[in-house]
Amino acid sequence: MARTATARETTAVAVIDAGGTVIGWSQAAEELLGYRAEDILHHSSSAFLRPADRGDRISAWLRSIGDEEYWSTFAEACHRDGGEVLLHLQGSRLSNSDGTTSWLLSATSAAAGLSALEPLVSQSPVGMCFWDSELRCVWLNESAKRLQDFFPHHQLGSLLCPDRGDGLPGNSDDSLATAMQQIFFDGSPMIGRKVLRTSAGRSEKRTFSISAFRLEGLDGSPVGLCAYVTDITDSGVGRRLKLLIEAGARIGSTLDIEKTAQELADLAVPALADYVTVDLADSVLPDSEPLQRLDSTALSIPIVRRVGVASIHPGLPESLWRLGDAVFAPPASPFTKVLSSGRPHFESVLDTSRGTWLDLDPTRLEIIHRTGMHTLMIVPLKARGEILGITVFVRTSDPSPFTADDLMLAEDLASRAALSLDNARRYTHERATALALQHRLLPRKLSGGNAVEVASRYLPADIRDGVGGDWFDTIPLAGGRIALVVGDVAGHGINAAATMGQLRTAVRTLAIMDLSPDQLLARLDDMVVLNEQDSCGDGPSAEVLVTCLYAVYDPASQECTMATAGHPPPAVIDPSGDVFFADLPKGPPLGLGLGTYESLQLRLAAGTLVVLYTDGLIETREADIEAGMERLRTTLTRVAPPLEQLCTSVIDALVGRSSHEDDIALLVARTGPTRVSGPLHEAVGRKPTCLPEGKRSM
């Protein structure tokens, strides 16, 4: 236990030499620390410090004072009986006749002059802490010690260091310690810093207000720090801070409109209200039936749609409307006024007397009386200058009326939620637009003609802006041949989908020219580069990169010629069930303008399966492409026709129900029954691109 100030305080005096050995000791020093002169003289002054690091601390202290003539600090000393004494310590340099240096130390209890206030300080509900000039904790009152479950590193003897924490949410001491270190060096106090802390057992969260200031000696130099810690969890400020911190973590966790609205309602009940609704306008819910088409009554009109609701009572007895229902209200109601004006409606005491708008809404009035609603707030959901809807806060069981502070808190919550709702709305609109564009650009009816049987799958990504530029296609060619195409435009969103549409059209146009796969990719590469130059004006851009695989199958000769531009090779399954990946010559992605392409010819027996895909099928954060290809190989050895079932089995095995961050395109083709002589799957040869004179080369 730390010792308190005695009734009679004197200044203790001691002398130590340059090595830290005590060479002088006064009677007052004996009274203060309990050591007699014969016990301490010619011994190290480290005897006054805790055993763990006292030798190192004395050495560090002697180095730190250097050539200073005078210094002062706070220090924690050990009394001879094992107790702790907080000292205000001052030192003056002494020059000895033999040329050596010693130090005259004067010390008083840090509680000197405050003995009458000691019981008040020790028993104060405000936690008080002192740190010395080394920023080592040297004293805490009883309240501060009781808070160590929330501040586990604020203990006697511990250093005030950044990067200390206990791994609990919100309990990193890094920024707080850095701020307090700065106070020690520049002297600017910290007033009322709010922090949310989690107890060591994770069972409790509390909000604290921390103020700190520097302690200075007579010469104005820093000698330590003092901090006050106040638990404000149950105060209005603390409650508001805590709720807003939770709102930042809980509202808008996804880009889903309905979930975001429900998150707001769930957060506010019961923290702020007993019953909360979140109702949104048509503009936020484009897929719902327009409210204008719904029949109005003589007294009520549909104004919003119920998207979120929460109550302390099971079964939602306060609600007239279910989730997804249109909400009706009289034109003169506060609900419609908030929607039109964008200003909140506040009734500390809900007025249900005759002559109010409730005369026109008897059903709602009956619910108010039956459930005990007595205080009301209606707050607009506004974001980027647009009113998205309203949120309603009501108390029933809680007898306290809403206050102006409650309204401010409700507006803050609504503002945060509205921004998340608007982000979700914008994302939903853009994603729907991109999906519609992509689905329109992808082949509506896939056909392999008389050459091959085909089946396909397409899965948009599950992430924000997830719609990408993956595509696949089959193109009938002269002589009964068929072209198989799969490609991937880097990036997501409308731009990627639009670029995909341009490339799909370009491939179809080039295919009509009856170019070999390597020639077609070379021409397509030129087109991508030229398009980038037109759009950017400063040459190719690395932002638009495309991979593509183009294959042509001739059922008459059973030859399949293919080339790749940075795209994964197709899997081939022969009629016996053996699976291999075509050993295609590597070619650079389209849009770089870096090289030429080569074709590979394979002879495929009747009944051979060719599986083309984009990298979203085989690549994940947890596994690279090679591992994904091996998983695909294993899956293909276990599946069997029909092709639609094969596609389903591949998707289930490699994707399943897990989320995927990239689009997935899958195209499967099975060769027909035409027979020719020769070994199956024989590599007939590779042909380099035939380029006009002056074109770039490898």
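The following dialogue asks how several descriptions of this predicted model are justified.

Trainee: What should I know about the numbering and the atoms before I read the values for this predicted model?

Mentor: Residues are numbered from 1 along each chain as its sequence is written, and side-chain values use heavy atoms, with hydrogens and water left out. In this predicted model, local features need pLDDT of at least 70 and side-chain atom pairs count only at pLDDT 80 or more, whereas totals for chains, interfaces and linings use all residues.

Trainee: Why is E386 called partly exposed?

Mentor: The relative accessible area of E386 is 29%, and because buried means under 20% and exposed over 50% (1.4 Å probe, protein chains only), a residue in between is called partly exposed. E386 lies in strand β16, where strands are DSSP runs of E with at least two residues and helices are runs of H or I with at least four, numbered from the N terminus.

Trainee: Which residues is E386 in contact with, leaving aside its neighbours within four places in sequence?

Mentor: They are S283, L381 and R425, contact meaning heavy atoms within 4.5 Å. The C-alpha atoms of E386 and A418, which are 32 residues apart along the chain, are separated by 9.6 Å.

Trainee: What makes α8 a mostly covered helix?

Mentor: Of its 12 residues, 9 are buried, and these include I257, T260, L264 and L267. Helix α8 (residues 257-268) packs on a sheet, touching β11, β12, β15 (375-383) and β16 (386-395). Its direction makes about 60° with that of β12, where axes are lines fitted to C-alpha atoms, for helices over the stretch in contact, and angles run from 0 to 180 degrees between N-to-C directions.

Trainee: How do you know that the span of α8 is close to the expected one?

Mentor: The expected span of a helix is 1.5 Å times one less than its number of residues. For α8, with 12 residues, 16 Å is expected, and the reach from its first C-alpha to its last is 17 Å.

Trainee: What is the strand order of the open sheet, and why are β13 and β14 called its edge strands?

Mentor: The order of its 6 strands is β13-β12-β11-β16-β15-β14, with antiparallel pairing. The strands β13 (326-329) and β14 (345-347) are the edges, as each pairs on one side only. From one strand to the next, the twist averages 30°.

Trainee: How do you know that β11 and β12 pair?

Mentor: Two strands pair if DSSP finds at least two bridges between them, and strand β11 (residues 275-280) and strand β12 (residues 301-311) have 6 bridges in the antiparallel sense, so they count as paired. One of the bridge partnerships puts T277 with V309 in β12.

Trainee: What makes the largest nonpolar core a core, and which residues have the most contacts inside it?

Mentor: A nonpolar core is a set of buried Ala, Val, Leu, Ile, Met, Phe, Trp, Tyr and Cys residues joined through side-chain atoms within 4.5 Å. The largest has 52 residues, and those with the most contacts inside it are W471, V507, L520, L521, Y550 and L590. Leaving aside its neighbours within four places in sequence, V507 is in contact with W471, I475, V485, L520, L524 and Y550. Apart from this core lies another, of 36 residues, among them I251, V276, L413 and A417.
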